[in-house]
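This report describes one pocket, the nonpolar cores and two loop residues of the structure shown below.

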Amino acid sequence: MKNSNPDFNQQDHYFMGLALNLARRGIGRVAPNPSVGCVLVRSGHIIGRGWTADGGRPHAETIAIKNAGDASGATAYVTLEPCAHYGETPPCAEAMVKAGVAKVVIATGDPDERVAGKGIDILKKAGVDVSTGLMKEEADQINQGFFKKVTVQQPLVTVKLATSSDGKIAKVEGEQYWVTGQEARARGHLYRVSHDAIMVGINTVLADDPSLDCRLSGLNGHSPIRIILDSELKLPVVSKLSQSAQDIPVWVMTVSNDQEKISTLEELGVKIFQIQKNDQNQPDISEVLRVLAQNGITRLLSEGGAKVNASLVKNGLVDRIIWFKSAESIGENGVNALYDIPIDEIDQYLDLSLIENGVAGADHWQEFMVKR
């Protein structure tokens, strides 16, 4: 969606900036829906605001209108084109018309074919003044995962690495080894909250028996869905993941048809997905992503192990990389973070652009975007 009104003023930017900040609150919590923010303004004063509720309903516009009480004559600053289709609730575009909103400023369009311009048409046909394209780049960034799910049937994929200074994750394969410190691990938990799902391979589960939840105070109720790549259904029924599946969803991607093990895991609350296999008799990673998107996942965080992350890199399926790096050097006999890809050769597979970096305790972290 191009900017249809180049004459946005400082006040427009201010209120849209507020709407974008509201939208960011929903990241990782609103799948399968987009994360949207809405600010209602009348006579220069905010009269209502809202952001997409956890689970995707109600929508930001509906919440803002309810919050305002009387939205007649107001200008709405909304980060994504208001929806035009009937679902559990009427279209947000119609709700704005009904509420008497006079003007709607939209940051970016919605590629969902049920919306894609139709929300704008509803508003314009009702006589509402519509402007588009304000702070579009920021809005696109917020819903990159939703857009990718809609357009290419894959979630946004972020690979998280925690390595020594020489790109190793352990001294010996299969051992549990903390390369980075407590502060870096705490920041890693923040990334878990901002994703719909977290994915690991079965070897990581067998080695570490992880919980894969968020254990930060105040955020432990927002853990992502746990995804396990498990070709042969080796997931132990006594594992932390299996035993907590009733509380935090666990999805297993497998090529096995072991009905007895499937039934046992399902009784514990684990959801089993049978995926087409690749040449190594493992779940095809592209098909895994398609199935995840089909089931509403828009943002996926892959925490490994090394083979899983290497597979994502080799197949060109990575959108972002979060890299925590300690000052420690493990040595050439250590386990490579990306299995058979030396960490200093990653640029042969991905064109990375540094977005942000910082310090977490004694460790450094960097966040990269993959340029297409």
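A polar contact is a pair of N or O atoms within 3.5 Å, where within protein one must be able to donate a hydrogen and the other to accept it. The side chain of S223 reaches the backbone nitrogen of C214 at 2.8 Å. The model discussed here is a predicted one.

**Two loop residues**

S223 is located in the loop between helix 8 (202-208) and strand 9. Beyond residues up to four places away in sequence, S223 touches D213, C214 and I248. Its C-alpha lies 8.4 Å from that of D196, although S223 and D196 are 27 residues apart in sequence.

N33 belongs to the loop between helix 1 (10-24) and strand 1 (37-42). A polar atom of the N33 side chain lies 2.8 Å from the backbone oxygen of G56. With neighbours within four places in sequence left aside, N33 is in contact with G56, R57, H59 and F146.

Is each of these residues buried or exposed? N33 has a relative accessible area of 18% and is therefore buried. S223 counts as buried because its relative accessibility is 18%.

| Residue | Polar partner | Distance |
|---|---|---|
| N33 side chain | G56 backbone oxygen | 2.8 Å |
| S223 side chain | C214 backbone nitrogen | 2.8 Å |

**Nonpolar cores**

The largest nonpolar core comprises 35 residues, and those with the most contacts inside it are M199, I227, M253, L292, L312 and I321. Two or more residues of this core come from each of several elements, among them strand 6, strand 8 (197-201), strand 9 (225-229), strand 10 (250-254), helix 12 (306-314) and strand 16 (363-370). Helix 11 contributes the most, with five residues.

Apart from neighbours within four places in sequence, M253 is in contact with I227, I228, L229, D230, S231, F273, I275, P283, V288 and L292. A second, separate core has 23 residues, including A64, A71, I106 and F147.

**The second largest pocket**

The second largest pocket holds about 560 Å³ of space. Its lining is made up of 21 residues, of which I27, Y191, R299, R320 and E367 are the closest to the centre. Which classes of residue form the lining of this pocket? Eight are nonpolar, five polar and eight charged. Helix 5 (136-142), strand 6 (156-163), helix 7 (182-193), strand 13 (320-325) and strand 15 (352-360) each supply at least two residues of this lining. Strand 6 and strand 13 thus appear both here and among the elements that give two or more residues to the largest nonpolar core.

Key: Residues numbered from 1 in each chain as written. Predicted model: local features only at pLDDT ≥ 70, side-chain atom pairs only at ≥ 80, totals over all residues. Heavy atoms only, no water. 1 Å grid on protein atoms, 1.4 Å probe; cavity = no way out; pocket = protein on both sides within 12 Å on 5 of 7 lines; lining within 4 Å. Points joined across faces, edges and corners; volume = space filled by probe spheres on them. Helix = DSSP H or I, 4+ residues; strand = E, 2+ residues; numbered from the N terminus. Nonpolar A, V, L, I, M, F, W, Y, C, P; charged D, E, K, R; others polar. Core = buried A, V, L, I, M, F, W, Y, C linked by side-chain atoms within 4.5 Å. Buried < 20%, exposed > 50% of the residue type's maximum accessible area, 1.4 Å probe, protein only. Contact = heavy atoms within 4.5 Å.
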